[in-house]
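Trainee: Please show me the chain and its structure, so that we can discuss the overall build and one sheet.

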Amino acid sequence: MSAGQPLARRLRLGSLIGGVIGATAATSGLFPALPVQAADALTAAGTGPLAAPTYSSTLVGPGQASMYPVDVTNDSQYYFVLDAGNYRILAVNRSSDAVDCQIGGLQGSGPGQMGDARALDYDTSNNELFLADTPNNRIEVFSFSASACATHSTSAFGFLSQFGSKGAGNEQFSQAYGVAIDPVNNWVYAVDGAGRVEKSTLSGAFISSFGQGSLNQPRQVAVAPNSDVFVMNARNHTCDVYSSAGTLLLQFGSLGKGNGQFTDDPRGVAISVDGNLAFVTDSGGKRIEAFTLTQAGGHYSGAAFAYTIPSAASGSGQFVGPRGLTTTSDNHLLLTDEWGFNLHEMTFTATGATPTVNTTPVAPPVPGVNSPRGVHVAANGQIYISDYWNQRVEYVNPDGSGAQSFGFRGNVSQSGAINFAWDAAIQPVTGNIFVANRENNQVAAFSPTGAPLIIFGKNGTANGQFSFPQGITFAPDGTLLVDDSGNDRIQRFSLNAGDTVATWMATYGQKGTGSTAPPGDLNNPTGISVAADGTIWVADTLNNRIQSMSPSGVWKVITKPTGTGTQTAFKVPWGITVAPDGSIWVSDIGNNRIVSVSTTGTLNFSATEASMGIPAVPADSVIYPYEVAFNGNTVYVTDIWNNRVLVLTTH
């Protein structure tokens, strides 16, 4: 893209970025019993461990949408659009609809980098942009020069500072979901996903917090001209209004489809510059609702439904995934549409709104992946890929032909929805695809071509419930194992003929932190695989180790490989696979390598991008492996942040 290219044209051109095991399943029907064979173990064991693989080709490359906008703020000249799926911020010229400059483009946790960031706000007094870098549990601050941006300079944005870390203390977060500036008092409000709002100085010095006990998965936040604070209390389906001292003043909204109600979790909120209107995105209802605000004694005292801004039935004016929004001093409203890959601008009054501009979205292509995670090989040789950011499963022939996909961003329990899935498992015999639907806290099953079959599970800690399930696999006896990552455990389910849900059988593991935690203690387990004898292998991700559990329930820990010479301990291992020869392959993402160990932890090899001959991408020289899958001597690897699926060969 040339920096001054009109936004609508730029979008048409596409992306710029680069216990004991229980009963078995039934013997017939939709979910028949399976042969004693682990998924992806497609060849017999050889006479020795498989050698380190070498690069053969790239099966699937990058496939990003034109943008995945989740929030927006503004100054007099620019809309600042947070393009979460491409890890960047765009400065869109309000007059020309051109992207004049941008910052970011690579996922990371270093200064000026970002993960799946969810919100931003602009401090007009200091020309500084505040970013809620959600998974990195921090607020980042950037300088901005409008004059430099107008000349398309790469120096228009500059990283200044950051504050926050993971935790429950002051200036700590469990996912930083929202951020808003109070320019009158020079305060910044940051939303902690654990259920509170933290108030700080602009330099990040903690002042106070509020909302504990009343906020249930809060999301975005906005500050009104009178310094009252509007917080989207998403899981309670309300907008909660607080004084700057943290006193709850009022709540408006409820669960429902009527006027002034929210169909699903409401996400975004913006207040008109005159302070008389509040706009809220009813994300599940695919609409914006406007509320007339009233004040008493200098604070807001009421909010009455005013009107709805509906989605168009089709075309570029259709709302698909409405998220954050902002208002301007000349009464324009801009909405970010994450899953429509679109921006919607409109003018508004006290009684209605009129569309003015809709950008032209470009959906992610097929083939193509954005932050791919799980990869598995079906009995017919097709490769199935969990295309994380594109909210889909993609499958392709071994030669790269015939690529197709299924899934879409949807609501909890919605048939066909795939919401930030980390992994899938292929059921032998049927070929059905079981998806760990992470953000829905469910498992969804599909036919091999994507026809929805069943959904089971819900958010919670009871048996059969989930909190962010990530890894998933079938055991040799036909039962299904799920890494219930947020609950730090593994759950086993049986699947009987004609079932519309799976039957919980057993739970293994419990919460425990640190690499020296006792065997069976888990901290955000991610990858999971099962050997032919029923031994479960799990990537104990945040404890920086892998573990195994024998069929009799005995746990063993491997923190780093053993062998001659100096060995490197595992660092944030995400994926784990039992290879056809019985060795254990670990996607050791924190060390940018693939590691093979014996079942006792002896190192077979440690392979990096360079040692395997994998070509570097222009902006990065390492790999970020999530999972490997085998088809004979062919190995498929998802390289997450380089947005590709690699084909390797081993012997």
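Trainee: What percentage of the 651 residues of the protein chain count as buried?

Mentor: This is a predicted model, in which local features need pLDDT of at least 70 and side-chain atom pairs count only at pLDDT 80 or more, whereas totals for chains, interfaces and linings use all residues. Residues are numbered from 1 along each chain as its sequence is written, and side-chain values use heavy atoms, with hydrogens and water left out. Buried means under 20% relative accessible area, with a 1.4 Å probe and protein chains only. Of the 651 residues of the protein chain, the buried share is 59%.

Trainee: How many helices and strands are in the protein chain?

Mentor: Helices (H or I, at least four residues) and strands (E, at least two) are DSSP runs, numbered from the N terminus. The protein chain holds three helices and 52 strands.

Trainee: Along its principal axes, what does the C-alpha trace of the protein chain span?

Mentor: The value is approximate and refers to the C-alpha trace of the protein chain. The spans are about 80 × 50 × 45 Å.

Trainee: Which are the edge strands of the open sheet of four strands?

Mentor: Two strands pair if DSSP finds at least two bridges between them. The sheet has the order β20-β21-β22-β23, with antiparallel pairing. Pairing on one side only marks the edge strands, β20 (269-271) and β23 (299-310).

Trainee: Which residue in β21 does Ala270 stand opposite?

Mentor: Strand β21 (residues 277-282) runs antiparallel to β20, and three bridges join them. Opposite Ala270 stands Phe279.

Technical notes. Buried means under 20% relative accessible area, exposed over 50%, partly exposed in between (1.4 Å probe, protein chains only).
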